[in-house]
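Trainee: Could you take me closely through one chain of this model, beginning with a single position in a loop and ending with the face that meets a partner chain?

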Amino acid sequence: MRPAFSVVLLTTLIGAGQGLFLALYAVELAAHARLRPMPGAAFFAGGAAIALALCAAGLVASIFHLGQPLRGWRAAACWRTSWLSREIVALPLFMAGVSVWGLAHFAAAGNTAALGAGAAVLAVALFVCTGMIYASLRLLQEWATPLTPVNYALLGSASGTALAAAYAGFVLPPLAAPLAGAELLLTAAGAATRTAALVRNRALRPRSTLQTAIGIPHPQIAQRAQGLMGGSFNTREFFHGATPRKLRAVKWSFLLLAFALPLVLLAAGSASAPVLAAAFLIQYAGLLAERWYFFADANHPQNLYYQTIS
Amino acid sequence: MPSSPVHDPLAPPAPGAVTETRTTTCYMCACRCGIRVHLRDGEVRYIDGNPDHPLNKGVICAKGSAGIMKQYSPARITRPLLRKPGSERGAGEFVETTWDEAFALLEARLAKIRATDPKRFALFTGRDQMQALTGLFARQFGTPNYAAHGGFCSVNMAAGMIYTIGGSFWEFGGPDLGRAKLFLMLGTAEDHHSNPLKAEISKFKRHGGRFVAINPVRTGYAAIADEWVPIRPGTDGALLLALIHELIALGLYDREFLARYTNAGQLVNQDAASDEFGMMARNAGGDPINPLRPHNFLWWDRLTGRAVADHAEGADPALLGAFALPDGTPVAPAFALLAQRVKAHTPEWAEGITGIPAATIRRLAHELGVTARDQGIELPIAWTDWWGKKHDTVTGNPVAFHAMRGLAAHSNGFQAARALAILMSLLGTIDRPGGFRHRAPYPRAIPPNARPPRGPQAVQPDTPLDGAPLGWPESPDDLFVDAQGEPVRIDKGFSWEHPLSAHGLMHNAITNAWRGDPYPLDTLVLFMANMAWNSSMNTTAVRRMLADKRDDGEYRIPFLVVCDAFESETTAFADLVLPDTTYLERHDAMSLLDRPISEFEGPADSVRVPVVPPTGDCKPFQEVLIELASRLRLPAFVNADGSRKYRDYPDFVVRYETAPGSGIGFLAGWRGKDGERSLRGEPNPRQWEMYAQNNCVFQHHLPRSLQYMRNWNRDYLLWAQQMGLRRDFDPIVIHVYSEILQRFRLAAQGRRPGKQPPDRLRARVDTYFDPLPFWYEPLEGQATDRALYPLAAVTQRPMAMYHSWDSQNPWLRQIHAHNYLMVNPRTAQAAGIMDGAWLWVESRWGKVRGMCRYTEAVEPGTVWTWNGIGKASGAWRLAPDANESRKGFLLNHLISEELPGADGGAPMSNSDPITGQAAWYDVRVRIYPAAPGEPEESWPQFAPAAAVPGAAAKRPSWLAYFAGKGVRE
Amino acid sequence: MTQLALVIDLNVCVGCHACVTSCKEWNTSGSAGALADFNPYDADPTGTFFNRVQTFEVGTYPDTQTVHFPKSCLHCEEPPCVPVCPTGASYKRAEDGIVLVDYDKCIGCKTCAWACPYGVREQDEKRGVMTKCTLCVDRIHDAALPARDRQPACVLACPTSARLFGDIHDPASAVAVAIRDQAGYALMPEQGTRPANRYLPRRRTAIALHADDLVRAENPLRVDGAEPGPAFPHGATEDFAT
Ligand SMILES: Nc1nc2c(c(=O)[nH]1)N[C@H]1C(S)=C(S)[C@@H](COP(=O)(O)OP(=O)(O)OC[C@H]3O[C@@H](n4cnc5c(=O)[nH]c(N)nc54)[C@H](O)[C@@H]3O)O[C@H]1N2
Ligand SMILES: Nc1nc2c(c(=O)[nH]1)N[C@H]1C(S)=C(S)[C@@H](COP(=O)(O)OP(=O)(O)OC[C@H]3O[C@@H](n4cnc5c(=O)[nH]c(N)nc54)[C@H](O)[C@@H]3O)O[C@H]1N2
Ligand code: SF4
Ligand code: SF4
Ligand code: SF4
Ligand code: SF4
Ligand code: SF4
Ligand SMILES: [Mo]
């Protein structure tokens, strides 16, 4: 598939937003459980604002993906069948939940734990919806695995927690270390499941072949012409256009940036704000590469029909 | 999910729009299908096939369906244009002019030429369909320098078969696939009769027919063949001779048919010492039937063992053996000579030449012979043959053939086409069910009666030409040469270099005019021909010649007029550009005097009528010719007092008669005062209207008894003579052995009185004018080192493009934006060329750079590409960096229009030595990879020409056509 | 239940592209139009088409089959493109089984195109909406057209009549008969989409010759006093790929 920058941004930004919220909410729950002191309302309200900003930025990015953005509202119509529709419903609900939660903190209105629980459910639901948009496309074997929503959830949570740790590093340093610890765990888990997906995908055998695509069972088939020479939607949307070298380079960079480097930084044990900020930025950059690779790695069966120009 | 649509797919897309449907005839190609043009608020909404049209019966092709994009093309020329004073030819710089000025200019110039030396005016036309009018204009003007595309197209196919069976493929006849069981197609990728052929092949296959394609390449039609037989280009003659060999060796021929309907049984003089050697022995006392073409031949009656008049009652000619006439002259039946000729042409012999395994050749011969013999068709149709014998049935042998340029476009194509016609005759398949069928006005005499002028005296100031500019020589005395035997025509047509050049040699006109050989021209008019690009060989040089000047600064071709509808590569070279209308904007007549759309069942012709108004100042070329002819007072176009006779072209078509009171005009339908007569009758003032009311087509269905065996069908031949389709009433006996060719050979041997070839050409004429078919290596191959140029390079027509003229069409150009050189992977790998890589293709004459595409569907010794896709940068209003010019390439740069003369003599046309057919597919090449640092761009490149005045200011960067709202951009 | 569909006969398709441009011209000015073209006169021209004809080569020289392969939306009976659509713009008509896009609902999110294994949906990049073959729904149901014309544009255009149109659920229809009799098959059955459109495979006609076909008593050579030459054994026929 061709990685659309709008979608790469959308999924990584809202993933970080969801993760950030979940981390903050976990802090609140931990405080309620008296495991830690309760941070001030401003901490939560500020964090909620950042999470909202990320989601809003993601939303703006997603507009660029739509041919008809002004009709975007229609996308809520088919939540019964369409994961995309569900995502479109879940995202604003989640944003509303976070807003209410943040405002409740800000206004010291109370009941934040219960409100946060609602938003957290929405955050998880949103992870599932986003992941399932891809995982539900059976024909894209690289995506059609439970690992897809799991990865969306873990990587979003890791990056959000990284952001939370960095945020804490600046405004509430005592919280930074435990959050960094959580970040380390989530990143390690994400690295494990994402690598599992990579390993799984290497072993995939395409379900469809040139033989089934044109219905001729002969070992030697080659396309000679695809019926168009200047390109079409089908040659643009479904091909990444990158060389195998570039693909490999992107893979190794995301493994390095999203997982290895942050883990090294975190394992080094310094929970200083600049280091945590660096860890988040490096990881986010890595996730951009990861998401790019996620799309590029998916080989759409339609490409069987679009191989040769002449 | 909600399924009530917001957008109602069934709602009218443009409510309230006024829609109407008009019928006319397509001209996105020369097939001439009937179309319905649906208009919405005056704009073309949809063009579909007319289901009531006999030719295409409702279907249409990719080009026809894209007519909208041609009509609204930004490459349209909309104003008459004059080369900008001071600008160079080829730069494409123009100023607008008016029609008044353009006519005044042309009138003055042409009147002067006509009053002095009419042959200094030349008119050459490309893929047009109005040779009846253009030819008439040239003849009336008095110039012999007229030809249409035939010479560079497929004259070998026409002449090779017309000189043998009085008809041919191309637009003159075709395979009766409705009844055939076995179909052999040689060298055809698209054909002229393209939609009907597709429909027929499909039906044929569905009815269980067996389809064999003989072609170095497997695409298009060959793709759906039951068997693909790859062949080396230029070797079909050898294959056909081997098939004939095998059929004769096994006796798998239709003896009855040969004996009665061909000259197989006619006795040929075998007295080597006699000047009549190789000529038919004549029956001095016999009935010549036609004094102009005596038919008093002799048979050796095998029943009585003596020579008798041919077709003598009760006689049966011997086909084999050698006999002596009572006066002692040794004679042999023509068939025996054929059998002797092919004796050595075994399948093994042909295998070495064609690359087809001998076993395959044998099997094909057996399939042909056995199918023809055992699956005979008998139709309960009574008919009478020319000699008066009544037949209760029409019989046929269901083996059909088709062939086109794969045979024609080689310098040995005439003899190959003759071999094919003879093979078809051996199988007894001429104008019979399931075999080959004629299309009116064919069959015609062998050869047809039109003769070219016979010498320089035919060209006189202010006088029409004495004879049609094109015709069919029957003997050396018909050649159009001067006292030294040298050519009179600028293209050297009908000279000893190419005696039977029935369609001229348009591909040499520019080179000859440039060189002044045999003389310089003054004014050259090109109509609908892209001679600065895809229809010339040696394109780069021809472009230089068009713009080349003499020492005195005058252009070597002083005045060049181009009539085109679009900015082609050629319009850039014009001094005067005449903007033509499109096919949707004008009247046209597809006349029986030209190449009509007749079907097997009888004559048919058709018209175009305007369905949209002309764009800008566009004017149909027909109107230009009528106007000029009237101004120049060409006799056929003026009244006795010199006043203008025809208001306009439609008026001309209605009132013109081939001879006063002949009742024969351009259109055969709805003649007579009230349109009650067909084919012949007085002019009918409402003829156009009646055509328009009848789907723009006229079809005359012959009674079934006149539909078959028309070469010898008495009632048909009588009818054809009455209708003016034929001059004479004599049978058209098939020339298995060609006495006509022998006449030229005897002249070359100095054994015949009358015109003699110049000495330098004697051996050439002697060699190639063999009365029996033979195979020889194409001329270019004979003179080329095979080790250096090991590959044959050919082109094919893509079904979705017409020559050069569709690259302006945004729908079609998405399908073919550029071309590749298609190479067998083994061949490419041996040359170190990767799939998709840039490569050089080089012949002795030049080289081009393009991209390689591997294909398993080509014979390894052949490379091929689509014809006419590569374009000159900036032509056709395409962006200078369009794929067509940066990635596409033109093979024509590699093909020479001339071959060096033998022993350093003057160069001669790269053409068939008999017909002058351009030898496009003879070129030999080698391929090698482009060097690593070379630009990834095709070569050669040409400086882009500027947009002409009157063209749209900018190229739209997108368009979304929706009829009724204009091209939206 | 009616399921309209195309059946495409690869045995006679010559790859002429008539179905491609006739589709374009009908639909650009129809209820699915206008279909945009970009760079119409520039480098890399590209645009929206509902139907494309591709070419494949099967086998190696000389046993090569050239297969022309037209492809448009297959109007699947289990169309994966429909449930994924967030707006309901992608839908399958209950009355005739045609899968359509509602151009006024579509937001151009392309998810349906991702869900289709066949690469037959094309986003019109000018209008920003997804488009695809409509089975010419605005022709085939137009009562103002004569019955003969109530067929898809591509079907009417096709010179070889390689494109059959009808209700595959009606066992008596020409399409159902063709599928049954000529082993009509579906593309990528493993995708579980149950395409309504089917393809008819290449079929090969051969002539069986027997040695004694070649030597007949009433041989014309004998009439002329000659004897027929020996009949040779036959070579193998080409290996058949499909
Ligand atoms: N390499 C190679 N070259 C070949 C061939 C080949 O097989 N291989 N084939 C040869 C053959 S057979 C032929 S017939 C020639 C064809 O060659 P041409 O006859 O030159 O054919 P085109 O290039 O299609 O068109 C000629 C011109 O007609 C113009 N035209 C189109 N419509 C109209 C109209 O309505 N009015 C006017 N006035 N002009 C119009 C076009 O713009 C174009 O400039 O090419 C020959 N060239
Ligand atoms: N779509 C479309 N239709 C057209 C035209 C067009 O430009 N486009 N042009 C029209 C014109 S002007 C013409 S003349 C006709 C020509 O119609 P065709 O005769 O069908 O012309 P080509 O496409 O040149 O096909 C020639 C075929 O001969 C094969 N061939 C080459 N050399 C040999 C050989 O030595 N032996 C054999 N057996 N095969 C050989 C080539 O591989 C190719 O398949 O088409 C007409 N119809
Ligand atoms: S075959 Fe030629 S005449 Fe017929 S529809 Fe196509 S372009 Fe028009
Ligand atoms: S129109 Fe018919 S023959 Fe031509 S490509 Fe389409 S399906 Fe094949
Ligand atoms: S072919 Fe593709 S677009 Fe058409 S119905 Fe099937 S899945 Fe949907
Ligand atoms: S592109 Fe349009 S039709 Fe396709 S899924 Fe999105 S909204 Fe639905
Ligand atoms: S049915 Fe209509 S929309 Fe579909 S491919 Fe054919 S012409 Fe195009
Ligand atoms: Mo031609």
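Mentor: Contact here means heavy atoms within 4.5 Å. The model is predicted, so local features need pLDDT of at least 70 and side-chain atom pairs count only at pLDDT 80 or more, while totals for chains, interfaces and linings use all residues. Residues are numbered from 1 along each chain as its sequence is written, chains are lettered from A and ligands numbered from 1 in the order in which they are written, and side-chain values use heavy atoms, with hydrogens and water left out.

The position is B:G90, found in the loop of chain B that runs between β4 (81-83) and β5 (94-96), where strands are DSSP E runs of at least two residues and helices H or I runs of at least four, numbered from the N terminus. With its neighbours within four places in sequence set aside, B:G90 is in contact with B:A572 and B:F573; B:A572 lies 482 residues away along the chain, yet its C-alpha atom is separated from that of B:G90 by 4.9 Å. B:G90 counts as partly exposed because its relative accessibility is 25%, between buried (under 20%) and exposed (over 50%), with a 1.4 Å probe and protein chains only.

Turning to the partner, chain B brings 13 residues to its contact with chain A, which brings ten residues. Together they bury about 980 Å², 59% of it on carbon and sulfur atoms, an accessible area (1.4 Å probe) lost on being put together and summed over both parts. On chain B's side, α24 (810-815) and β32 (847-854) are the elements that give two or more residues. Zero salt bridges are found across this interface, taking a side-chain nitrogen of Lys or Arg within 4 Å of a carboxyl oxygen of Asp or Glu as the rule.

Methods. Buried area is the accessible area (1.4 Å probe) that two parts lose on being put together, summed over both.
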